[in-house]
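Student: I have a protein model open beside its sequence, and I would like to go through it with you. Could we look at it together?

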Amino acid sequence: MINPVHLRTLLEVVAHRSFATAATRLGYTASAVSQQMTALERSTGTTLFLRGARSITPTPGAMRMVRHAKRVLTDLDALMADVAAISTDSSEREEIKLGIFPSLATYALPKLLTSEDWNALGINLRLWIGEPQQTVAGLGNGGDLDLALIFQVGPGGLSWPASLERAWLGDDQFRVVIPASWPIADNAQLTVDQLAEWPWIFHHPGTSDATLISRLFASYNIHPQVAAYCDDFNASLSLVSSGLGAALVPDLAMAHAPEGIRIVDAPEIRLARSIFALKPENSKKPKVGLVLDRLTQILSD
């Protein structure tokens with residue numbers, strides 16, 4: 001199916017003949033815009049742009065799709081306006097209790113809560129931001145969460161009641177991040193032996209991320225020097241930018257990365273955490289699905 005978000009992006013790209021300009025206007029990165037257009041080409045089976053070294057040219061198929069997209073998006077806007085009017089007229093608002101882990105909360109919640117029609121959806125969102133183990137507990141016996149977004153690495157380490165429904169939302173890749181001041185060539189491919197010689201910024205022992213990273217290093221029988229323990233990825237990135245040490249940071253936490261850092265390639269380090277949504281079976285709150293759909297869309301953009 002065609003994603004309406006991709007159609008809106010298409011209109012901007014064609015209007016300005018530039019992924020970069022469209023990205024600036026829409027609040028995306030140029031890479032995200034390019035990926036959306038590739039996804040749209042794949043879903044429609046149509047080549048939309050002729051890509052040159054420094055330019056793009058819309059194809060006739062793209063121009064025809066633009067004409068249809070304008071009509072489709074106008075109808076969608078009218079539909080959302082009608083739904084918003086119904087929500088505004090209703091005095092009933094549904095409370096949704098959401099559990100979510102910190103790096104995803106930092107990335108996704110501002111996008112969700114500042115979307116144009118959020119207030120019209122009739123949702124009172126109550127948040128529980130914490131580690132996956134804490135969040136799963138809030139869905140178990142006696143817990144009152146309606147929806148939880150967690151991460152898991154591999155098949156073990158985290159369990160939940162069989163009564164919960166699970167949906168995979170995507171993978172969050174970890175990157176090796178170093179101070180930009182370190183004398184490492186831009187195109188260097190680093191080995192784990194080289195990584196072991198650096199000072200590192202790790203999570204405190206016992207947290208999910210710390211266990212994950214410790215297992216990775218232990219699998220190579222290396223025990224790097226710890227320059228700092230820090231459970232906040234944003235703070236870790238600031239420490240990296242100051243030159244204190246290297247860190248493993250997931251993509252979700254890189255959205256607001258400071259200057260003074262650099263991502264390097266370490267082929268032996270292939271680490272990711274899978275993101276899942278958990279919710280009770282037979283939930284009687286219909287807007288739980290709406291919140292999940294919005295968060296899924298934010299993750300896919």
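The questions and answers below go from the whole chain to single residues.

Tutor: Before we begin, keep in mind that this is a predicted model, in which local features need pLDDT of at least 70 and side-chain atom pairs count only at pLDDT 80 or more, while totals for chains, interfaces and linings use all residues. Residues are numbered from 1 along each chain as its sequence is written, and side-chain values use heavy atoms, with hydrogens and water left out.

Student: What percentage of the residues in the protein is buried?
Tutor: The protein has 10 helices and 11 strands, where helices (H or I, at least four residues) and strands (E, at least two) are DSSP runs numbered from the N terminus. Its C-alpha atoms fill a box of roughly 60 × 60 × 30 Å along the principal axes. A residue is called buried under 20% relative accessible area, exposed over 50% and partly exposed in between, using a 1.4 Å probe and protein chains only. Of the 301 residues in the protein, the buried share is 42%.

Student: Which residues does UniProt list for "domain: HTH lysR-type"?
Tutor: The feature comes from an unreviewed UniProt entry, and such annotations may be inferred rather than shown by experiment; the positions are in the numbering used here, and feature names are shortened. In the model, the span is 62% helix and 10% strand, with its end C-alpha atoms 18 Å apart. The record lists residues 2–59.

Student: Why is His6 called buried?
Tutor: His6 sits in helix α1, which covers residues 4–16. Beyond its neighbours within four places in sequence, His6 contacts Gln36, Met37, Ala39 and Leu40 (contact means heavy atoms within 4.5 Å). His6 is called buried because its relative accessible area is 10%.

Student: How far apart are the end C-alpha atoms of helix α3?
Tutor: Helix α3 holds 15 residues, from 30 to 44. The expected span of a helix is 1.5 Å times one less than its number of residues, so for α3 it should be 21 Å. This agrees with the model, where the end C-alpha atoms are apart by 21 Å.

Student: At what angle do the axes of α1 and α3 cross?
Tutor: Two packed helices are described by the angle between their axes and the distance between the axes. Axes are lines fitted to C-alpha atoms, for helices over the stretch in contact, and angles run from 0 to 180 degrees between N-to-C directions. The axes of α1 and α3 come within 9 Å, and residues including Leu10 and Val13 in α1 meet residues including Val33 and Met37 in α3. Their axes cross at roughly 115°.

Student: Is Arg17 buried, partly exposed or exposed?
Tutor: Arg17 lies in the loop between α1 and α2 (19–26), and it has a positive phi of about 55° although it is not a glycine. Its relative accessible area is 44%, so Arg17 is partly exposed.

Student: Is Asn221 buried or exposed?
Tutor: Asn221 is in the loop between α8 (208–219) and β8 (225–229), and this residue, although not a glycine, has a positive phi of about 55°. With a relative accessible area of 61%, Asn221 is therefore exposed.

Student: Which residues does Leu295 touch, leaving out those up to four places away in sequence?
Tutor: Leu295 belongs to helix α10, residues 287–300. Leu295 is buried, because its relative accessible area is 1%. Outside its sequence neighbours up to four places away, Leu295 touches Leu98, Ala108, Leu112 and Leu149.
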